[in-house]
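The following exercises concern the secondary structure, the helix packing and the backbone of one protein. Each task is followed by a solution in steps.

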Amino acid sequence: MDIKKITGQRINTELARNNLKQKDLAAFLGVTSNTVSYFCSGKRTPNTAQLVDIARFFDVTTDYLLGLSPSRQRYGFLTAACQYTGLSAEAAENLADMSFQQ
(Lines give C-alpha, C1' and ligand atoms only; values in the text may rest on other atoms or scores of the structure.)
Protein backbone atom coordinates (compact mmCIF):
# COMPACT_ATOMS: atom_id res chain seq x y z
CA MET A 1 0.00 0.00 0.00
CA ASP A 2 1.49 3.32 -1.09
CA ILE A 3 0.18 5.83 1.45
CA LYS A 4 1.46 8.82 -0.52
CA LYS A 5 -0.48 7.82 -3.62
CA ILE A 6 -3.63 6.86 -1.73
CA THR A 7 -3.59 10.10 0.26
CA GLY A 8 -3.07 12.08 -2.94
CA GLN A 9 -5.95 10.29 -4.66
CA ARG A 10 -8.24 10.89 -1.71
CA ILE A 11 -7.35 14.60 -1.54
CA ASN A 12 -8.03 14.87 -5.29
CA THR A 13 -11.36 13.08 -4.84
CA GLU A 14 -12.41 15.45 -2.08
CA LEU A 15 -11.36 18.52 -4.03
CA ALA A 16 -13.49 17.35 -6.97
CA ARG A 17 -16.41 16.30 -4.75
CA ASN A 18 -16.45 19.74 -3.11
CA ASN A 19 -15.81 21.62 -6.37
CA LEU A 20 -12.62 23.15 -4.95
CA LYS A 21 -9.20 23.88 -6.39
CA GLN A 22 -5.79 23.01 -4.99
CA LYS A 23 -5.24 26.70 -4.30
CA ASP A 24 -8.30 26.70 -1.98
CA LEU A 25 -6.79 23.95 0.12
CA ALA A 26 -3.38 25.64 -0.01
CA ALA A 27 -4.85 28.89 1.32
CA PHE A 28 -6.59 27.01 4.14
CA LEU A 29 -3.37 25.21 5.10
CA GLY A 30 -1.20 28.30 4.69
CA VAL A 31 1.09 26.58 2.19
CA THR A 32 1.90 27.13 -1.46
CA SER A 33 -0.16 25.65 -4.26
CA ASN A 34 2.95 23.66 -5.22
CA THR A 35 2.90 21.93 -1.82
CA VAL A 36 -0.70 20.83 -2.32
CA SER A 37 0.18 19.75 -5.86
CA TYR A 38 2.88 17.49 -4.41
CA PHE A 39 0.34 16.02 -1.99
CA CYS A 40 -2.16 15.40 -4.80
CA SER A 41 0.41 13.76 -7.05
CA GLY A 42 1.64 11.48 -4.27
CA LYS A 43 5.15 12.93 -4.32
CA ARG A 44 4.87 14.18 -0.73
CA THR A 45 2.75 13.32 2.27
CA PRO A 46 1.18 15.93 4.52
CA ASN A 47 2.67 16.07 8.01
CA THR A 48 0.48 15.05 10.93
CA ALA A 49 -0.85 18.55 11.63
CA GLN A 50 -1.58 19.13 7.93
CA LEU A 51 -3.33 15.76 7.67
CA VAL A 52 -5.61 16.67 10.58
CA ASP A 53 -6.32 20.07 9.03
CA ILE A 54 -7.08 18.50 5.64
CA ALA A 55 -9.49 16.05 7.31
CA ARG A 56 -11.25 18.94 9.04
CA PHE A 57 -11.34 20.96 5.82
CA PHE A 58 -13.16 18.15 4.01
CA ASP A 59 -15.03 16.84 7.09
CA VAL A 60 -13.59 13.35 6.65
CA THR A 61 -11.47 11.13 8.85
CA THR A 62 -7.71 10.94 8.75
CA ASP A 63 -8.11 7.17 8.38
CA TYR A 64 -9.99 7.79 5.14
CA LEU A 65 -7.28 10.13 3.83
CA LEU A 66 -4.59 7.55 4.66
CA GLY A 67 -6.50 4.72 2.99
CA LEU A 68 -7.13 2.89 6.25
CA SER A 69 -10.91 3.18 5.99
CA PRO A 70 -13.23 3.15 3.00
CA SER A 71 -15.64 5.50 4.77
CA ARG A 72 -15.29 9.27 4.46
CA GLN A 73 -17.65 9.88 7.36
CA ARG A 74 -16.63 10.34 10.94
CA TYR A 75 -19.33 7.92 12.00
CA GLY A 76 -17.48 4.79 13.08
CA PHE A 77 -20.60 2.67 12.77
CA LEU A 78 -20.56 3.10 8.99
CA THR A 79 -17.41 1.03 8.61
CA ALA A 80 -18.96 -1.75 10.67
CA ALA A 81 -22.20 -1.46 8.68
CA CYS A 82 -20.29 -1.79 5.41
CA GLN A 83 -18.47 -4.86 6.61
CA TYR A 84 -21.66 -6.46 7.92
CA THR A 85 -23.97 -5.65 5.00
CA GLY A 86 -21.55 -5.60 2.11
CA LEU A 87 -22.70 -2.10 1.15
CA SER A 88 -20.16 0.21 -0.37
CA ALA A 89 -18.95 3.08 1.81
CA GLU A 90 -20.71 5.53 -0.52
CA ALA A 91 -24.04 3.69 -0.24
CA ALA A 92 -23.82 3.56 3.55
CA GLU A 93 -22.92 7.26 3.70
CA ASN A 94 -25.89 8.12 1.49
CA LEU A 95 -28.22 6.17 3.76
CA ALA A 96 -26.74 7.83 6.85
CA ASP A 97 -27.08 11.27 5.29
CA MET A 98 -30.70 10.56 4.46
CA SER A 99 -31.49 9.44 8.00
CA PHE A 100 -29.79 12.46 9.59
CA GLN A 101 -31.72 14.88 7.35
CA GLN A 102 -35.10 13.70 8.57
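Helices are DSSP runs of H or I with at least four residues, numbered from the N terminus. The model to which this numbering is applied is a predicted one.

**Exercise 1. Determine the secondary structure content of the protein and the order of its elements.**

Step 1. The protein contains seven helices and zero strands.

Step 2. Along the sequence, the pattern reads α-α-α-α-α-α-α.

**Exercise 2. Characterise the burial, surface and contacts of the protein as a whole.**

Step 1. The protein has 102 residues, and 35% of them count as buried, where buried means under 20% relative accessible area.

Step 2. The accessible surface amounts to about 6,300 Å², and carbon and sulfur atoms hold 49% of it.

Step 3. Among contacts in the protein with a separation of 6 or more, 45% are between residues 24 or more positions apart.

**Exercise 3. Describe how helix α2 packs against helix α3.**

Step 1. Two packed helices are described by the angle between their axes and the distance between the axes.

Step 2. For α2 (residues 22-29) and α3 (residues 33-41), the angle is about 115 degrees and the axes are 8 Å apart.

Step 3. Angles of 65 to 115 degrees count as roughly perpendicular; α2 and α3 are therefore roughly perpendicular to each other.

Step 4. The crossing in which α2 passes α3 is right-handed.

Step 5. On the α2 side, the contact is made by Q22, K23, L25, A26 and L29; on the α3 side, by S33, V36, S37, F39 and C40.

Step 6. By class, the residues of this contact comprise six nonpolar, three polar and one charged.

**Exercise 4. Locate N19 and D59, and assign each to an exposure class.**

Step 1. N19 lies in the loop that separates α1 (3-17) from α2. Its phi is near 55 degrees, which is a positive value in a residue other than glycine.

Step 2. Exposed means over 50% relative accessible area. The relative accessibility of N19 is 69%, so N19 counts as exposed.

Step 3. D59 is found in the loop between α4 (48-58) and α5 (62-66). Although D59 is not a glycine, its phi is positive, at about 55 degrees.

Step 4. The partly exposed class lies between the 20% and 50% limits. D59 has a relative accessibility of 48% and therefore counts as partly exposed.

Conventions
Residues numbered from 1 in each chain as written. Predicted model: local features only at pLDDT ≥ 70, side-chain atom pairs only at ≥ 80, totals over all residues. Heavy atoms only, no water. Axes fitted to C-alpha atoms, helices over the stretch in contact; angles between N-to-C directions. Helix = DSSP H or I, 4+ residues; strand = E, 2+ residues; numbered from the N terminus. Parallel < 35°, antiparallel > 145°, perpendicular 65-115°, else oblique. Left-handed = near helix turned anticlockwise from the far one by under 90°. Contact = heavy atoms within 4.5 Å. Nonpolar A, V, L, I, M, F, W, Y, C, P; charged D, E, K, R; others polar. Buried < 20%, exposed > 50% of the residue type's maximum accessible area, 1.4 Å probe, protein only. Areas by Shrake-Rupley, 256 points an atom, 1.4 Å probe, with all protein chains shown as cover.
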